Amino acid sequence: MTILCVRFQLPPMYEAALPGLLGLLEDFTPVVEALPPDGALADLRGAQRYFGRDAVELASVIRVRALARYGVDCAIGAGPGPMLARVALRGARPGVTCAVPEAPDAVAEFLAGLPVSALPGVGAATARTLREYGLDTLGPVAAAPLSTLQRLIGARAGRELRERANGIDRGRVVPNAVSRSLVAEQPFALDELDPGRHHRALLSAAEELGARLRALEQVCRTLTLTVRYADRSSTTRSRTLKEPTAHSAALTRTAYGMYEALGLQRARVRAIALRAEGLTCADQASYQLTFDPVDEKVRRIEEVADRVRAKFGPRAVIPGSLAA
């Protein structure tokens with residue numbers, strides 16, 4: 001194993017610790033790829049030779065340092081490549097590193113019984129299509145003819161899916177940094193099943209992000225939704241906006257769209273977070289002109305509400321559905 005996929009168990013409103021935790025990984029290797037909001041990939045090929053320890057042993061050291069310096073535990077998956085390390089992370093838990101064996105036969109055996117959705121890049125729609133044809137686990141997918149997979153999901157996607165199901169990992173770790181961003185997180189006091197409350201949490205987070213962006217005179221290009229569940233797992237989706245914006249209504253529409261696309265069925269949700277990424281100065285962003293009087297009216301009301309909040313506090317003006 002040479003690649004680690006690390007997910008830090010960050011408590012609500014503590015995502016600002018991620019840059020420091022990435023620095024902890026960089027003590028072992030400069031090849032670290034951030035996976036916001038709470039994860040990272042680390043290539044340990046040089047570190048294994050330098051420290052004289054294998055990836056699993058180094059993972060234990062990383063876990064201890066994260067606990068000692070930040071009080072944050074982490075789940076770690078290890079594998080020969082980035083894709084396999086991400087798959088291994090599904091079976092990891094705090095205190096135990098899940099490792100994919102390096103032998104090709106052992107890799108195939110490890111993957112065979114996993115659901116198709118375990119592969120990075122296989123979304124709900126693709127998994128549903130494959131299940132309709134009896135390809136619900138990676139073993140049958142790996143054995144299926146390439147032409148069959150390409151007919152079901154497309155030429156390129158079918159080829160990549162078959163390669164990954166057979167343990168062929170062509171990915172690499174691309175060093176990067178956490179882009180400047182703003183986060184608004186709405187935790188629930190109890191695990192929440194009600195979609196109506198989920199929508200109100202999204203509305204509250206989008207309103208908070210919009211107000212903070214406008215106060216900083218900035219706009220965002222990308223919005224990321226993270227839904228955390230009762231079992232500590234999470235789902236993250238990102239969407240690039242049609243144009244950079246700090247308009248709360250536009251952020252809310254985008255957040256609702258990402259949430260509906262998840263198709264959650266009575267999911268026990270513990271927290272919902274929105275992250276505004278790709279921040280730029282508002283006066284440097286370009287906008288599509290609109291002659292919609294309703295949109296113009298909403299923006300004017302938003303400006304007035306911002307002035308009231310600046311004078312009387314952030315909850316002086318809130319949407320009516322949040323008043324209760």
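**Exercise 1.** How many residues has helix α10, and how far does the helix reach from its first C-alpha to its last?

*Solution.* A word on the model before we start: it is predicted, local features need pLDDT of at least 70, side-chain atom pairs count only at pLDDT 80 or more, and totals for chains, interfaces and linings use all residues. Residues are numbered from 1 along each chain as its sequence is written, and side-chain values use heavy atoms, with hydrogens and water left out.

Step 1. Helices (H or I, at least four residues) and strands (E, at least two) are DSSP runs, numbered from the N terminus. Helix α10 covers residues 195-215, which gives 21 residues.

Step 2. The expected span is 1.5 Å times one less than the number of residues. For α10 the reach is 30 Å, close to the 30 Å expected.

Step 3. Look at the two ends. At the start of α10, a side-chain oxygen of D194 comes within 2.9 Å of the backbone nitrogen of G196. After the helix comes E217, with a positive phi near 55°.

**Exercise 2.** Describe the surroundings of E33.

*Solution.* Step 1. Place the residue: E33 belongs to strand β2 (residues 32-35).

Step 2. Check its charge partners. E33 is buried (under 20% relative accessible area, with a 1.4 Å probe and protein chains only). E33 has no salt bridge (a side-chain nitrogen of Lys or Arg within 4 Å of a carboxyl oxygen of Asp or Glu). R86, the nearest side chain of opposite charge, is 4.6 Å away.

Step 3. Now the backbone: a polar atom of the E33 side chain lies 3.0 Å from the backbone nitrogen of V174.

Step 4. List the contacts (heavy atoms within 4.5 Å). Leaving out residues up to four places away in sequence, E33 touches A40, L41, R172, V173, V174 and N176.

**Exercise 3.** Classify the aromatic pairs that involve F51.

*Solution.* Step 1. Recall the rule: rings of Phe, Tyr and Trp (its six-membered ring) pair if their centres lie within 6.5 Å; planes under 30 degrees apart are stacked, over 60 edge-to-face, and the rest tilted. The count comes to two pairs.

Step 2. F28 and F51 have ring centres 5.5 Å apart and planes at 50°, so this pair is tilted. F28 sits in the loop between α1 (18-26) and β2, and F51 in helix α2 (residues 45-51), so the pair ties together parts 23 residues apart in sequence.

Step 3. Y50 and F51 are edge-to-face, at 5.0 Å centre to centre and 85° between the planes.

Step 4. Put them together: F28, Y50 and F51 form one aromatic cluster.

Methods:
Buried < 20%, exposed > 50% of the residue type's maximum accessible area, 1.4 Å probe, protein only. Lys, Arg positive; Asp, Glu negative; His and termini not counted. Polar contact = N/O pair within 3.5 Å; in protein donor to acceptor, adjacent residues only side chain to side chain.
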